[in-house]
There are 2 protein chains.
Amino acid sequence: MRKVYLAGPEVFLPNGREIIEAKRALCRAHGLEPASPVDLGGRTFSSKFERGLYVSKANEEIMRGADAVVANLTPFRGISADVGTVYEVGFMCALGRPCFGYSNTTLRYLERVKSGFYCGATTIRADGGHIGSDGHRIEDHDMIDNLMIDGGIVASGGKFFTVDADPGETFADYRAFDACLGALAVMP
Amino acid sequence: MRKVYLAGPEVFLPNGREIIEAKRALCRAHGLEPASPVDLGGRTFSSKFERGLYVSKANEEIMRGADAVVANLTPFRGISADVGTVYEVGFMCALGRPCFGYSNTTLRYLERVKSGFYCGATTIRADGGHIGSDGHRIEDHDMIDNLMIDGGIVASGGKFFTVDADPGETFADYRAFDACLGALAVMP
């Protein structure tokens, strides 16, 4: 049975535990084994920093022991995916494991940057390039997020699914997540 | 001579080419060889998406051929590092290459999220946990960015340097970048 690492920012949500358990159950329904999350087991640490290092190292070990990753790349605290999750996608892609991603918005990166970051204050150069109000170039690869993320997922043999979740359901809509599991489950 | 992959969002800056050349020259001054960036060589593509895939794949190949990464993790388009750069840090950490990071602000993640994302609208729970106005928990690991980034850098044998750049000099201050090069150059 394939073991799948579930990456995403759910741990920061007030109902995160419930969402994570629902996602783990969906894995099993698809014949996939969800990798166990970090277990601190009452361990104490000399500092917040040491605790963070422990969690990071434990997550890396769990990733090395997993066969694939399914990553929640829904924009989090800004216009792009959660950076911790992105780190994990890069990590698993480097290991040659299939990486599946999902986002609960179908807005592409360019649109999110234009509306969500620059609040519409962008211009278009003569060559068609988009420029933010700070003079920075906004890349347009017709992709969901940064090209390293979309490209890494494709190169890994995975796929990036998006749906438009209802307002207020951004983290409670499991359709795109389920599409990842379905695609992973039928991989040869 | 160690070959170093320079990761960062400089390519989006109006003076990006100049900054990249200055950073490549600093590498050489430290006895390090900067890995060559992607060369599109006048290649044409059937779509913007195909072009993006090509760049992603080329960057991954360049990373696999490099001995270390020095990553500009200065917050970009939000409170965290550029997600493309973060993907690359995760990628190189998985390959076991030393990862050095730098940020041109000394504000830690918790402070950036509180002020830059929630505009101060956060509360503190009885157990000391920070909560944003949307109910999301804000992690506090006394780290510069997400724990996977800070932790990955430490585990790789690298180091994360920060300085406070003058306003307007966020991308033109090379002190933290130079500290990374100095530390990498003396690695056994």
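This is a walk through a few features of a predicted model, from its nonpolar core to its helix packing and a backbone oddity.

Let's begin inside. The largest nonpolar core has 57 residues, and the ones with the most contacts inside it are Leu73(A) and Leu73(B). Take the chain B copy and look at what surrounds it. Leaving aside residues up to four places away in sequence, Leu73(B) touches Ala81(B), Thr85(B), Val86(B) and Val89(B). Its list of partners also includes Gly101(B), Tyr102(B) and Ser103(B), and further along the chain Ile149(B), Ile153(B) and Phe160(B).

Now for the helices, and one pairing that joins the two chains. Helix α2 of chain A, residues 48-64, packs against helix α5 of chain B, residues 147-156, with the axes 8 Å apart and an angle of about 85° between them. That angle falls in the 65 to 115 degree range, so α2(A) and α5(B) are roughly perpendicular. On the chain A side, the residues that meet α5(B) are Phe49(A), Gly52(A), Leu53(A), Val55(A), Ser56(A), Asn59(A), Glu60(A) and Met63(A). Facing them from α5(B) are Leu147(B), Met148(B), Gly151(B), Gly152(B) and Val154(B). Sort the residues of this contact by character and you get 7 nonpolar, 5 polar and 1 charged.

Stay in chain B for another pair. Helix α1 (residues 16-29) and helix α6 (residues 175-185) of chain B have axes that come within 10 Å and cross at roughly 30°. Since an angle under 35 degrees counts as roughly parallel, that label fits α1(B) and α6(B). Their crossing is right-handed. Here α1(B) brings Lys23(B), Leu26(B) and Cys27(B), while α6(B) brings Phe177(B), Asp178(B) and Leu181(B). The contact of α1(B) with α6(B) splits into 4 nonpolar residues, 2 charged and no polar ones.

Last, the backbone. Most residues other than glycine have a negative phi. Arg77(A) goes the other way, with a positive phi near 50°. You'll find Arg77(A) in the loop that runs between β3 (68-72) and α3 (83-94) of chain A. Is Arg77(A) buried or exposed? Its relative accessibility is 8%, and since buried means under 20%, Arg77(A) counts as buried. Over in chain B, Arg77(B) also has a positive phi near 50°. Arg77(B) lies in the loop between β3 (68-72) and α3 (83-94) of chain B, and at 8% relative accessibility it counts as buried too.

Terms used
Residues are numbered from 1 along each chain as its sequence is written. Chains are lettered from A and ligands numbered from 1 in the order in which they are written. This is a predicted model: local features need pLDDT of at least 70, side-chain atom pairs count only at pLDDT 80 or more; totals for chains, interfaces and linings use all residues. Side-chain values use heavy atoms; hydrogens and water are left out. Helices (H or I, at least four residues) and strands (E, at least two) are DSSP runs, numbered from the N terminus. Buried means under 20% relative accessible area, exposed over 50%, partly exposed in between (1.4 Å probe, protein chains only). A nonpolar core is a set of buried Ala, Val, Leu, Ile, Met, Phe, Trp, Tyr and Cys residues joined through side-chain atoms within 4.5 Å. Contact means heavy atoms within 4.5 Å. Axes are lines fitted to C-alpha atoms, for helices over the stretch in contact, and angles run from 0 to 180 degrees between N-to-C directions. Angles under 35 degrees count as roughly parallel, over 145 as roughly antiparallel, 65 to 115 as roughly perpendicular and the rest as oblique. A crossing is left-handed if the near helix is turned anticlockwise from the far one by less than a right angle, and right-handed if clockwise. Ala, Val, Leu, Ile, Met, Phe, Trp, Tyr, Cys and Pro count as nonpolar, Asp, Glu, Lys and Arg as charged, and the others, Gly among them, as polar.
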